[in-house]
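Before reading on, please take a moment with the sequence and the model shown below. The paragraphs that follow lead from the surface to a helix and then to the charged pairs.

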Amino acid sequence: MGLLSGVLLLPLAPVRGVVWISDRLIDAAEAELYDPAVIRVQLCELNRALDDGEIDLARFEREEERLLDILDRKSPVPASGVRP
């Protein structure tokens, strides 16, 4: 980067910093969201909720399918259950 472009782009430095930080936060959130260990814990909690009567069988099956799809494909499935 030349001296002139460095001086002209200096006011954008805070914006680039915010973009960089937000990219790192998104990466960390996606890594946690699609971590197989986290998904397995969610499946265990889902089973416990069914056993305790907190949710009905239909909701259990929908959520279980969504979690298993995420675990299998490592890509997000919308909460509505509609696949892209």
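Does leucine 9 count as buried, partly exposed or exposed, and at what relative accessibility? In this predicted model, leucine 9 is found in helix H1, and because its relative accessibility is 34%, leucine 9 counts as partly exposed, a class that lies between buried, under 20%, and exposed, over 50%.

Leucine 9 also belongs to a nonpolar patch on the surface, which is formed by Leu4, Leu8, Leu9, Leu12, Val15 and Val19 and has about 560 Å² of accessible area together. Helix H1 (3-9) and helix H2 are the elements that give two or more residues to this patch, and H1 contributes the largest share, with 3 residues.

Further along the chain comes helix H3, which covers residues 36-51. Its 16 residues, at 1.5 Å a residue, should span 22 Å, and this agrees with the 23 Å that separate the C-alpha atoms at its ends. The buried residues of H3 are Ile39, Leu43, Leu46 and Ala49. Because they cover an arc of only 120° around the axis, they are placed on the same side of H3. These buried residues pack against helix H2 (13-33) and helix H4 (57-73), whereas Cys44 and Asp51, on the other side of H3, are exposed. After H3 comes glycine 53, whose phi is positive, near 80°.

The charged side chains can be followed next, since the structure holds 4 salt bridges. In helix H2, arginine 24 and aspartate 27 lie 3 residues apart, about one turn of the helix, and they form a salt bridge whose closest N and O atoms are 3.6 Å apart. Both partners count as partly exposed, arginine 24 because its relative accessibility is 38% and aspartate 27 because its value is 42%.

Helix H4 holds a pair with the spacing of 3 residues, about one turn of the helix, namely glutamate 63 and arginine 66. The closest N and O atoms of their salt bridge are 3.0 Å apart, and with relative accessible areas of 22% for glutamate 63 and 23% for arginine 66, these two residues are partly exposed.

Arginine 48 forms a salt bridge with glutamate 54, the closest N and O atoms being 3.1 Å apart. Here arginine 48 is partly exposed, with a relative accessible area of 39%, while glutamate 54, at 52%, is exposed. Both residues belong to a network of salt bridges that links Arg48, Asp52 and Glu54.

Note on methods: Residues numbered from 1 in each chain as written. Predicted model: local features only at pLDDT ≥ 70, side-chain atom pairs only at ≥ 80, totals over all residues. Heavy atoms only, no water. Helix = DSSP H or I, 4+ residues; strand = E, 2+ residues; numbered from the N terminus. Expected span 1.5 Å × (residues − 1). Buried < 20%, exposed > 50% of the residue type's maximum accessible area, 1.4 Å probe, protein only. Arc of directions from axis to C-beta. Contact = heavy atoms within 4.5 Å. Patch = residues over 30% accessible without salt bridge, like charges linked within 9 Å, V, L, I, M, F, W, Y side chains within 5 Å. Areas by Shrake-Rupley, 256 points an atom, 1.4 Å probe, with all protein chains shown as cover.
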